Amino acid sequence: MDEFVPSPPHPAPAEPPPAQARPWLSILIPVYNVEEWLRPCVASVLQQIPALAPPQRVEILLLDDASTDGSARVMESLAAEHAGQLRLLRHARNAGLSAARNSLLQACTGRYVWFLDSDDLLMTGALRGLALALDQQACDLVLCDFTVVREHTQLKHRLRGEHHRHTFRGPARQRLSDTSLLLEGLFAEGKLHTWSKIARRELWAEDLRFPVGRYYEDLYTSPELALRARSYVYIPECWVGYRQRAGSILATLNENKLKDMMDSLVGLPQRLHSMQPPLSDGARFAIAHYIARSYVSAARFIARRANTAALHTCHTQLLASLPMSPAQLIRQYLRRGWFWRALRLHFWLRRGEGAAA
């Protein structure tokens with residue numbers, strides 16, 4: 001098992017082999033204390049490779065981030081069972097998900113990159129679907145949908161549409177190059193996780209890495225990935241099975257996590273300002289609405305704990321991340337007849353402003 005020291009924030013990528021020798025796809029799986037779910041995850045990838053036609057080289061990299069359970073033993077067992085098909089890496093000490101993903105990026109050599117969480121699954125037909133999509137619509141970025149995997153699925157979960165969660169709101173199965181349309185569709189659905197986006201390796205340049213030591217790491221990187229994509233295609237098929245389990249970030253919220261959530265898009269307006277052609281009104285609204293919803297949720301959580309300093313920080317982060325003024329956003333709500341949203345945002349803006357006193 002190759003050893004990595006925990007990655008710095010922006011490690012240099014590995015020098016890729018000649019184009020003809022590069023794998024078609026790198027699947028990158030960070031591993032930490034997932035002994036129970038790791039084998040099904042890896043099996044869901046391996047079983048699909050023989051179905052690819054013509055045969056495509058798929059590079060599968062797993063990195064153990066100093067697990068304290070039996071995850072490393074499972075990795076070694078899988079590598080022995082599937083000789084030559086898995087490449088194992090490890091961190092000498094635990095460094096977190098962002099650092100693990102950064103090290104995997106540094107080590108991979110595929111033409112396309114697909115992150116897969118080690119407790120999730122690659123759904124049947126996903127690799128074949130990706131190969132077909134890229135064969136028909138060669139592009140920088142491919143977006144896919146996902147399904148929620150639960151140990152016990154109840155009627156309420158089906159009614160919520162968990163069997164098919166969409167990640168993009170816009171044209172499907174078309175090669176597109178409109179960055180505003182891409183950003184609008186992503187933020188309108190609000191599904192900015194990395195594992196539903198397969199990117200050409202070159203998009204992950206040296207200056208784009210996951211923020212080490214932060215929660216909501218995908219919110220820091222997915223908008224930038226979209227800004228760098230010159231072409232993209234959305235395939236409305238469930239290629240990932242997202243495992244819902246206790247202990248997730250959303251299930252264990254605290255003020256530090258909410259601070260990272262709000263901080264993730266600070267500075268985005270400056271990045272959008274330099275876009276050519278300029279950002280569309282539809283994209284500007286979708287981004288502002290997404291951020292405002294996040295702010296209202298965070299502010300409500302913080303206010304229940306009577307932490308005025310944290311509420312003021314949250315309000316400051318909101319103002320630094322909105323691509324339009326709060327007053328402009330409220331007017332947009334009113335024009336759409338979204339009166340409750342307008343009133344709620346206005347209320348929490350007042351609370352955030354008052355927290356500074």
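Picture a 1 Å grid laid over the protein atoms alone: a cavity is a set of points where a 1.4 Å probe fits but cannot get out, and its lining residues have an atom within 4 Å of a point. Points are joined across faces, edges and corners, and the volume is the space filled by probe spheres set on them. Before using that, some housekeeping: this is a predicted model, where local features need pLDDT of at least 70 and side-chain atom pairs count only at pLDDT 80 or more, while totals for chains, interfaces and linings use all residues. Residues are numbered from 1 along each chain as its sequence is written, and side-chain values use heavy atoms, with hydrogens and water left out.

Now the chain itself. It has 13 helices and nine strands, taken as DSSP runs numbered from the N terminus (helices are H or I, at least four residues; strands are E, at least two). Of its 357 residues, 53% count as buried, meaning under 20% relative accessible area with a 1.4 Å probe, protein chains only. A contact is a pair of heavy atoms within 4.5 Å; among contacts with a separation of 6 or more, 82% are between residues 24 or more positions apart.

What fills the inside? The largest nonpolar core has 70 residues. Such a core is a set of buried Ala, Val, Leu, Ile, Met, Phe, Trp, Tyr and Cys residues joined through side-chain atoms within 4.5 Å. L183, F187, W204, Y295, L329 and L345 touch the most other members, and α10 gives the most residues to this core, 15. Take W204: setting aside neighbours within four places in sequence, its contacts are L105, V113, F115, T194, A199, R209, F210, T221 and L225. A second, separate core of 44 residues includes V34, L62, L88 and L127.

Over in helix α1 (residues 38-46), L38, C41, V42, S44, V45 and L46 are buried. Their cover includes strands β2 (25-31), β3 (58-64), β4 (86-91) and β6 (121-122), along with helices α2 (71-81) and α4 (126-136).

Back to empty space. There is one cavity of 30 Å³ or more, and the largest cavity holds about 60 Å³. Its lining consists of L219, M261, M262, S264, L265, Y290, I291, S294 and S321. Helices α8 (255-263) and α10 (281-303) each give two or more residues to that lining, with α10 supplying the largest share, three. By class, six of the lining residues are nonpolar (Ala, Val, Leu, Ile, Met, Phe, Trp, Tyr, Cys and Pro), three are polar and none is charged (Asp, Glu, Lys and Arg), the others, Gly among them, being polar.

How values were computed
On a 1 Å grid over the protein atoms alone, a cavity is a set of points where a 1.4 Å probe fits but cannot get out, and a pocket is an open set with protein on both sides within 12 Å along at least five of seven lines; lining residues have an atom within 4 Å of a point. Buried means under 20% relative accessible area, exposed over 50%, partly exposed in between (1.4 Å probe, protein chains only).
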